[in-house]
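Reader: Could you take me through one part of this model in detail? I would like a close look at the place where the two chains meet, and then a short look at what lies around it.

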Amino acid sequence: MAFYFVQFLTGLASAASLFLVASGLSIIFGVTRIVNFAHGAFYMLGAYVAFTLTERFSGAVGFWGGIVLASLIVAVVGVIVEMVLLRRIYHAPELFQLLATFGLTLMVQDIVVLIWGPDDLLGRRAPGFKGAVDFFGQNIPSYDLFLIGLSPVVLGILWLLFQRTRWGVLVRAATQDRDMVAALGVNQKWLFTSVFALGVFLAALGGALQIPRDAVHHALDLRIIVDVFVVVVIGGLGSIIGAFVAAVLVSELNAFGILIFPKISIILVFLVMAVVLIVRPWGLFGKPEAAARRTPGLTVNPWRPLTSNERWLAISALAVAAMLPLLAGNYALTVGSEIAIFVIFAASLHFLMSVGGLASFGHAAYFGLGAYGVAFLAKAAGLPMIVSLLMGPLLGLLGAAIFGFFAVQLTGVYFAMLTLAFAQIVWSIAFQWVTVTGGDNGILGVWPEKWAAGPASFYWLSLGIAAIAVALLRVIVFSPFGFALRATRDSLLRSEAIGINGKRVQWTAFVIAGTVAGFAGALFAYLKGSVFPDSLGISLSVDALVMVLLGGVETVSGAVVGAIVFKALNIWLVSQTDLSKLVLGGFVVLIVVAFPKGIVGVLETIRNRRRSSSSKSSSPDSSLATSRIETAE
Amino acid sequence: MSMVPTLLSVENLSKSYGGVHAVRSVSFSLRSGEILALIGPNGAGKSTCFDMLNGQNTPDSGRIKLLGEDTVGKKPRQVWRLGVGRTFQITATFPTMTVRENVQVALVSYGRQLFNLFGSTANYARDEAGRLLDLVGMGAYAERPCGELAYGDLKRLELAIALANQPKLLLMDEPTAGMAPRERVELMRLTAEIAREKSIGVLFTEHDMDVVFEHADRILVLNRGSLIAEGTPEQVRGNPQVRAIYLGEGLVYDARHREGAGA
């Protein structure tokens, strides 16, 4: 019994950091409506800076002062980030905000390694809390007891801050209606900045307080951010009480999950989150959001099929690409195959995201499922390559059918988080179910058969499948189904009022996208000759998002260009510099801020401008000065 | 008149939110080809009534029968399949498509081609879409991006979309809100013409009394969730209770509603 009680207390102690970080994220979201992906990075920075300061200053004052000072320093960094970056993207679509803050996270990962080195750092024990308390023969670190006491205190202080101060009233008002608060003459800029500073301070404090418990390392950010997403989604975005309750719930689930179901401990938390999202999509303590903002939709340029000239251009480009084996060596062909595979992957996400308006943050799940599907069929069942290649992606289809059904019940940020959670579930299964998936060691020896084994033949195979996939998706975009899908994206209200079952249409799109991603994954398994949990991971999902964004979210075929440029750049960068994440992250931030329309989007804008200036006289009339009430919602 | 079949019959419809009775035991009926206006002050329950009629909202009690079929509990898309077209107070269209494509999507749905993955939408019912657009006077704008349209044109486009399933009943929630005075009268005249020609029943809410009194065959007056009057425009205009609650008296009313129109 005593053992379980101690386990319970350990859970509570872990909840402290989680609560601090989650409440910070929640406060920031409540006011600015930005889901700050970089919150984990601030947490990690807090830990690193606190490590340095507590090493430098001695004694109890040095330790505790160092922790608080570290949090303040990171909060200042947060203020700079807010003023330089976030102020530019407050009115951008959610997707762009998530990506920009993810870009920041990537940059911080490399910066941290640059400054503190790649090794784990062990911090000082907290003065005054070095020992342990004996509880019926079980030891509880006294620092844990301190943390358990701390979170209710922080909760209380936050409550007082929001209920009893003028600033708190303004923040609560802004949480309900930003525009009204601005109309009342409140300086919104500084309100946002101060809220962001508080949120970052809490995140950094959460990180700093972890150093006596845990080693500091450069993968802390992603680990905490996924947990924090789970906490705020369960608790309700924008609710501090919700963050508290959910942090405790999640930590206890982790603490006891390991005892009861050691194999699926990670999954348990995500299952709870999925259930909460489905039963109460706005979280336990959250409030239902008004109509979600449309994800894409910066422009109103209607899409149109290729003209015959453009079709010839595309076919010629494909023919040129097919001639690569005549010119290039084996390495270039392998790179070419990889690029072709990522064109398929990016095109499938683009279909879901741009055509369907559903920005999935866990699209790699279906890519990876396709890869594992092939590995099972080829290795375990010993089926011939062509059969495996065709049947493997069915695992992606199955996954997309199951997860997609739940995911399309939600929209916007919540959709993004649920897809991310599902991807993490799949990743956990691949990682933990060692007997079937080989766990971290993956499944090796998935080599193509002789007819496709040469670099040139495999390149042609990949290129051919990529061409078919892209053409097929394009046909679907302009099919009646494609229009129905765009209709649900443009206006759920109107599409329902003309007899469209939006959820079923979106579900179908999810399954199509997942299946196509599965084909990409299947080819990838053969290209690498192996499958690892990485091919289901978050970073792969984000790569895909960046490819789509780079090409242009609002274009029909931007994903193709985005995938080629991104993948080529990525492979080149990794070979050139050790700081590929820093460069890549900076690149992502730059696109979001400077070229939100992406490469193809910019080209289209230039072309349209030319066209309209040459045919100005023929346009019907000039009632273009419109009153678009619709977008003013 | 009694030869014309009843299209819609509503019996004892009620809905409350907490302690507020948004709609209280409202009953009325509508015949094919008839134009019925639902008027009343803000908060009278007009929109709640409307949303219950097309399935957006579920009544606490009461019955709604459309051509003999019970529609309570049906979703908006199912009510649409029964032959109900709807326009919204704030227009709902597809801004990233052209005007023609907006109508084509509705026709795709009507033709049950929503899950056709490989056809071409561009050629789907192109002429039919053109005819509908001509009908509402939008033919010249067919290839324009919908997101560029002026608000009055969006209202007309919405009407074309609402006509795509050859509806028997049109539900129009403040069809002329946000439009210039001349456009208002024209849009309603157009609607009335189409309705009479195709003998479609029209139920609309409206704050512009010029529009209401010129085009409605009958008027229902709602106040605090209850029907307080029903009858021809003359009967309603002469009703002292309606004047007290909503229309106001004589010249005062005329001047005030012109200034405050669209609010």
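Author: Happy to help; what follows goes from the interface to the nonpolar cores and ends at a single proline.

Please keep in mind that this is a predicted model. Let us begin with the contact between the chains: 43 residues of chain B are in contact with 42 residues of chain A. Together the two chains bury about 3900 Å², and 63% of that area is on carbon and sulfur atoms. On the side of chain B, B:Arg77, B:Thr96 and B:Phe115 supply 17% of the area buried against chain A, more than any other three residues.

Now for the charged and polar pairs. Two salt bridges are counted between chain B and chain A. A:Arg494 forms a salt bridge with B:Glu158, with the closest N and O atoms 2.8 Å apart. As for polar contacts, 15 residue pairs are found across the interface, both residues being at pLDDT 80 or more.

Which elements of chain B supply at least two residues each to the side that touches chain A? They are α2 (76-81), β6 (84-87), α3 (99-110) and α5 (151-162). The largest share comes from α3(B), with five residues. Sorted by class, this side of chain B has 21 nonpolar, 13 polar and nine charged residues.

Next, the nonpolar cores. In general, nonpolar side chains of soluble globular proteins tend to be buried together. Here the largest nonpolar core has 266 residues, and A:Phe351 and B:Phe204 are those with the most contacts inside it. Helix α1 (residues 2-32) of chain A gives the largest share of this core, 16 residues. Leaving aside residues up to four places away in sequence, A:Phe351 touches A:Gly356, A:Leu473, A:Ile476, A:Val477, A:Phe481, A:Leu485, A:Ala509, A:Ile512 and A:Ala513. Apart from the largest core lies another, of 24 residues, and B:Leu8, B:Val26, B:Cys49 and B:Leu169 are among them.

Finally, let us turn to a single residue of chain A. A:Pro262 is in the loop between α10 (240-260) and α11 (265-279). Is A:Pro262 buried or exposed? A:Pro262 counts as exposed because its relative accessibility is 55%, and the cut-off for exposed is over 50%. Not counting residues up to four places away in sequence, A:Pro262 touches A:Gly257 and A:Gln432. A:Gln432 is 170 residues from A:Pro262 along the chain, yet their C-alpha atoms are separated by 9.3 Å.

Terms used. Residues numbered from 1 in each chain as written. Chains lettered and ligands numbered in written order. Predicted model: local features only at pLDDT ≥ 70, side-chain atom pairs only at ≥ 80, totals over all residues. Heavy atoms only, no water. Helix = DSSP H or I, 4+ residues; strand = E, 2+ residues; numbered from the N terminus. Buried < 20%, exposed > 50% of the residue type's maximum accessible area, 1.4 Å probe, protein only. Contact = heavy atoms within 4.5 Å. Buried area = accessible area lost by both parts, 1.4 Å probe. Salt bridge = Lys/Arg side-chain N within 4 Å of Asp/Glu carboxyl O. Polar contact = N/O pair within 3.5 Å; in protein donor to acceptor, adjacent residues only side chain to side chain. Nonpolar A, V, L, I, M, F, W, Y, C, P; charged D, E, K, R; others polar. Core = buried A, V, L, I, M, F, W, Y, C linked by side-chain atoms within 4.5 Å.
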